[in-house]
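Work through these short exercises with the model open. Try each task before you read its solution.

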Amino acid sequence: MDIIDHIAIRVSDLQESEEWYLSHLKAEVTFRDQKYIRLKVGNTNIALIDEDHYPWSHIGILVENKSDLPGDGQRIEHRDGTIGVYVKDPSGNYIEYIWYSENQRGTFLK
């Protein structure tokens, strides 16, 4: 079963966007760094991503095993040890198949 891990939205100002989402949604910040803020909203996560550092808005699909990552698409090993494979749909939207390392599971899979 495919599980949506996150919905990533490119933003021009992380702080402004964080304030807006927190004031408009019942959200909680679960992770923050200089390029990325992760918000827990009900049954999913919204990732606010800095448009200067991330090329695409996308939907993140959780992959349990690294071997389950698709072979096609653009593979990116993120700075925190996670691996994402970005695949474009026929309309130009991106899906990121994401695998979390053991070190990151506790941070991102709360």
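Three exercises on a predicted model follow.

**Exercise 1.** Determine which strands pair with strand β5, and in which direction each runs.

*Solution.*
- Step 1. Locate strand β5 at residues 58-62.
- Step 2. Take strand β1, residues 3-11. Five bridges join β1 to β5, and the two run antiparallel. Within this pairing, I7 has I59 of β5 as its bridge partner.
- Step 3. Take strand β8, residues 94-99. Five bridges join β8 to β5, and these two run parallel. Here L62 stands opposite I98 of β8.

**Exercise 2.** Is strand β5 largely enclosed or open? Then classify I59 as buried, partly exposed or exposed.

*Solution.*
- Step 1. Count the buried residues of β5: four of the five. The strand is therefore largely enclosed by the rest of the structure.
- Step 2. Turn to I59, which lies in β5. Its relative accessible area is 34%. Buried means under 20% and exposed means over 50%. I59 is therefore partly exposed.
- Step 3. Look for nonpolar company at the surface. I59 forms a nonpolar patch there with I4 and I7. Together the three have about 230 Å² of accessible area.

**Exercise 3.** T82 sits in a loop: is T82 buried or exposed? List what T82 touches, leaving out residues up to four places away in sequence.

*Solution.*
- Step 1. Place T82 in the loop between β6 (74-77) and β7 (83-88).
- Step 2. Read its relative accessible area: 2%. The cut-off for buried is under 20%, so T82 is buried.
- Step 3. List the contacts of T82: I76, E77, I98, W99, Y100, S101 and Q104. One of them, I98, is the β8 residue opposite L62.

Notes: Residues are numbered from 1 along each chain as its sequence is written. This is a predicted model: local features need pLDDT of at least 70, side-chain atom pairs count only at pLDDT 80 or more; totals for chains, interfaces and linings use all residues. Side-chain values use heavy atoms; hydrogens and water are left out. Buried means under 20% relative accessible area, exposed over 50%, partly exposed in between (1.4 Å probe, protein chains only). Two strands pair if DSSP finds at least two bridges between them. Patches are made of residues with over 30% relative accessible area and no salt bridge: like charges are joined within 9 Å, nonpolar side chains (Val, Leu, Ile, Met, Phe, Trp, Tyr) within 5 Å. Accessible areas come from the Shrake-Rupley method with a 1.4 Å probe; for residues, only the protein chains shown count as cover. A salt bridge is a side-chain nitrogen of Lys or Arg within 4 Å of a carboxyl oxygen of Asp or Glu. Contact means heavy atoms within 4.5 Å.
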